[in-house]
Amino acid sequence: MQISYQHANVTRGNESTLLRFTAADGRRACVLVDAGDGVDVEAMLDEDEYLTAILLTHAHIDHYRSLARNVVHGASVYAAPATAAVLERALPEARKDSNVGPVEDALDALEPIADWTDVLPEVAVRPVPAGHAPGATGFAVRVTDDAGAIASEHHLLVTGDFSRRPCGGFPGFPTAYPFEVDALLCNVATNDSYESTLRTAVRTVLERAFAGSRVVLAGGSLSGVHLATVLGAVADRLGRTLRIRVVGQTAKLLEALRDEVPGDRWELDALLADGRLEPWPVFDDPAEVLEPGTVTVAGPASPTRGSAERLFDAIAADSGALFVQTAGGDPPDAPRGGCTTRTFDLGNHPTRETVLSVVEALVPQQVIVKHAGRSTMKRFQRDLDHCFVWGSGDEAVHRLYADGEWLEPPWISEAAVRSIRSGRRERLQEPGVERAESLPPLDPGPVDLAAEGLDLDSLAAAFAGPIADPYGGAAGSGAASSDAPGSSPLPIRYDGGDGETDAVDSGDGFVPDGDPDGGHAPERRSDAETAGRADVAAWLSAETESSFVTVGDGGIPLSVGTSRAGPGESAEGADALPTEPLSIEVLDRLESIERRLDGERLPARVLGGGPDRVLKPLEDVELEPGEILTVRIQRDRETGTDPSVE
């Protein structure tokens with residue numbers, strides 16, 4: 001038996017690889033792993049070679065863009081059942097925006113597999129979980145070499161895009177198998193900030209949805225299924241009502257997965273059963289799926305196509321609405337409009353340290369790094385000095401196994417070869433090397449929020465009570481209605497530093513405390529200890545408690561918690577229970593309030609009369625000719641002539 005590999009699109013993503021298996025009698029199996037951009041398998045094959053199979057790890061378009069054009073020679077397309085179900089919906093839809101070739105050919109060749117499947121009598125493949133996306137897998141490859149007196153069995157493991165984390169209930173990539181992994185084909189795309197970004201994105205969406213805003217969550221369709229499932233699970237754990245509507249192509253993929261995966265094993269089915277998750281594959285009017293306090297999940301990430309475009313157009317002028325973009329790598333430019341927009345890089349890839357730990361746990365002799373640029377591959381090649389690392393970044397054919405043994409790269413010295421071989425033998429004999437009794441199951445189960453990277457305790461502390469809308473749009477603009485959860489307006493108390501309430505903003509402007517009929521923003525104190533500090537507290541109506549946030553110089557949150565002080569009373573000295581800092585959405589509002597309070601003030605004198613009157617500043621100030629200012633009149637009680645300019 002001989003085994004070789006060849007990168008299939010090294011300059012166009014480098015996620016696709018051609019594996020060749022040649023039996024002793026000359027029979028061959030050529031297996032393409034993923035069919036990304038720019039793959040031309042017929043150009044890679046010799047005249048006497050034929051494509052036997054394509055292994056599709058998951059249904060992200062960068063892994064199947066050339067799939068239909070590479071279904072040649074009667075090859076089967078093998079994929080896990082969930083990925084096959086998604087591809088049947090996603091591939092025809094992809095024709096709208098991409099040249100994906102003869103879709104019908106690919107669908108006719110598609111064959112879902114969940115157990116060992118032969119591509120040669122000596123070569124079998126089987127999907128294994130990979131995290132990353134709903135239904136994503138890698139593949140185990142079992143090779144039997146019977147050329148010698150005693151047949152030997154060897155295993156290759158293909159990660160595909162992977163994550164050790166589970167994904168919306170689907171298992172993450174395992175590192176324990178009932179066999180030794182001789183060769184690892186490892187996608188090394190990484191994202192060191194995924195978990196922190198996910199936490200921020202989830203809090204951002206929940207803050208606005210619980211406050212009664214209309215929220216659109218736009219991203220790739222599979223990513224939308226994942227995030228909708230996670231948001232539903234978070235709301236369920238918190239005991240909060242959250243309506244999530246999954247629309248358009250994202251809803252079609254969700255329904256495909258639900259139909260493929262038995263409902264008694266996956267939490268998503270429970271969310272659908274009780275109405276917390278609502279699929280809307282088709283909607284005539286965006287207003288049907290956009291309501292206050294509802295998260296509407298759609299695709300794509302860009303608001304210029306598909307359902308996302310229709311939904312963004314519907315909320316663009318709503319200052320109380322939120323449009324969230326999620327994408328992997330470089331997300332599209334944020335749209336312009338009156339609504340709030342947030343963009344998050346949620347490429348669900350492992351950290352660099354995780355990739356290294358996976359290799360350490362599997363103890364392979366051969367590692368082929370892929371799905372990365374040459375500099376990244378070379379870096380992994382340097383770091384993984386305890387195994388043979390093929391990080392060449394070319395499209396040559398590299399032989400991995402021949403004549404009963406695994407071969408080393410030709411550029412490694414003989415001394416390094418001896419060291420690597422002996423080191424692996426010693427490592428495999430150590431008690432810390434884990435072995436599983438059986439191959440891991442593919443089926444999803446309950447969502448494990450902690451394993452996905454979310455801190456439920458932190459979320460519970462932040463969202464234990466009602467959340468008021470920090471953007472409080474006008475009625476009819478899509479802001480929270482009086483019937484929506486957490487829809488009460490947000491009173492903002494301004495404390496100049498002495499613990500006394502100087503003014504309250506109920507959403508219609510500042511009025512002095514105790515003067516509900518009118519007034520002005522309070523004068524900033526001239527005392528040096530308090531002139532540079534403003535403590536703003538968000539007070540929510542409750543019988544015995546109020547939530548508050550204290551913001552120090554520069555808008556930096558000092559504390560967030562719960563005070564037993566009532567409205568109009570000082571929170572200082574109250575029984576505060578600190579929790580997590582508020583997200584950037586609330587800080588944006590607080591900074592806006594600070595700007596209103598901290599505008600430059602100076603006395604001015606009225607000159608002239610009638611329509612020609614002007615205000616002359618009595619202190620030096622930099623003003624440009626034609627500059628338009630907002631003027632608030634504040635008369636001195638004694639002289640009646642003490643206007644100020646903001």
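A cavity is a set of grid points where a 1.4 Å probe fits but cannot get out. The legends below describe close-up views of a predicted model.

**Figure 1. Overview of the predicted protein model.** The secondary structure comes to 15 helices and 31 strands. Of the 646 residues in the protein, 53% are buried. Among contacts between residues at least 6 apart in sequence, 62% join residues at least 24 apart.

**Figure 2. The largest cavity and its lining.** The count of cavities of 30 Å³ or more comes to 1, and the volume of the largest cavity is about 50 Å³. Its lining consists of Ala-201, Val-202, Val-205, Leu-217, Leu-227, Leu-231 and Leu-346. Two elements, α5 (194–210) and α6 (221–238), each give two or more residues to this lining. The largest share, 3 residues, comes from α5. By residue class, the lining divides into 7 nonpolar, no polar and no charged residues.

**Figure 3. Surroundings of Glu-195 in helix α5.** Glu-195 counts as partly exposed because its relative accessibility is 31%, and partly exposed residues fall between the limits of 20% and 50%. When residues up to four places away in sequence are not counted, Glu-195 touches Arg-165, Glu-452 and Gly-453. The C-alpha atoms of Glu-195 and Leu-346 are 8.5 Å apart in space, although the two residues are 151 residues apart in sequence. Leu-346 is also one of the residues lining the largest cavity.

**Figure 4. Strand β17 and its parallel partner β16.** Strand β17 covers residues 340–345 and has two faces. Thr-340, Arg-342 and Phe-344 form the covered face, whereas Thr-341, Thr-343 and Asp-345 form the uncovered one. Strand β16 (residues 322–327) runs parallel to β17 and is joined to β17 by 6 bridges. Within this pair of strands, Val-324 stands opposite Arg-342, a residue of the covered face of β17.

**Figure 5. The open sheet of 8 strands.** The strand order is β6-β5-β4-β3-β2-β1-β20-β21, and the pairing is mixed. Strands β6 (110–112) and β21 (405–406) stand at the edges with a single partner strand each, so one side of each is left without a neighbour in the sheet. Elsewhere in the order, strand β2 (residues 17–22) and strand β3 (residues 28–33) pair in the antiparallel sense over 6 bridges. In this pairing, Thr-17 stands opposite Val-33 in β3. In general, the strands of a sheet pair through backbone hydrogen bonds.

**Figure 6. Cys-30 and Cys-387 in a model with 0 disulfides.** Cys-30 counts as buried because its relative accessibility is 1%. Cys-387 has a relative accessible area of 3% and is therefore buried. Both assignments rest on the limit for burial, which is under 20% relative accessible area. The count of disulfides comes to 0.

**Figure 7. Surroundings of Pro-279 in strand β14.** Strand β14 comprises residues 277–280. Pro-279 has a relative accessibility of 25% and therefore counts as partly exposed. Apart from residues up to four places away in sequence, Pro-279 touches Val-246, Ala-251, Leu-254, Glu-255 and Leu-272. Pro-279 and Gly-248 are 31 residues apart along the chain, and their C-alpha atoms are separated by 8.4 Å.

How values were computed
Residues are numbered from 1 along each chain as its sequence is written. This is a predicted model: local features need pLDDT of at least 70, side-chain atom pairs count only at pLDDT 80 or more; totals for chains, interfaces and linings use all residues. Side-chain values use heavy atoms; hydrogens and water are left out. On a 1 Å grid over the protein atoms alone, a cavity is a set of points where a 1.4 Å probe fits but cannot get out, and a pocket is an open set with protein on both sides within 12 Å along at least five of seven lines; lining residues have an atom within 4 Å of a point. Grid points are joined across faces, edges and corners, and a volume is the space filled by probe spheres set on the points. Helices (H or I, at least four residues) and strands (E, at least two) are DSSP runs, numbered from the N terminus. Ala, Val, Leu, Ile, Met, Phe, Trp, Tyr, Cys and Pro count as nonpolar, Asp, Glu, Lys and Arg as charged, and the others, Gly among them, as polar. Buried means under 20% relative accessible area, exposed over 50%, partly exposed in between (1.4 Å probe, protein chains only). Contact means heavy atoms within 4.5 Å. Two strands pair if DSSP finds at least two bridges between them. A disulfide is a pair of cysteine sulfur atoms within 2.5 Å.
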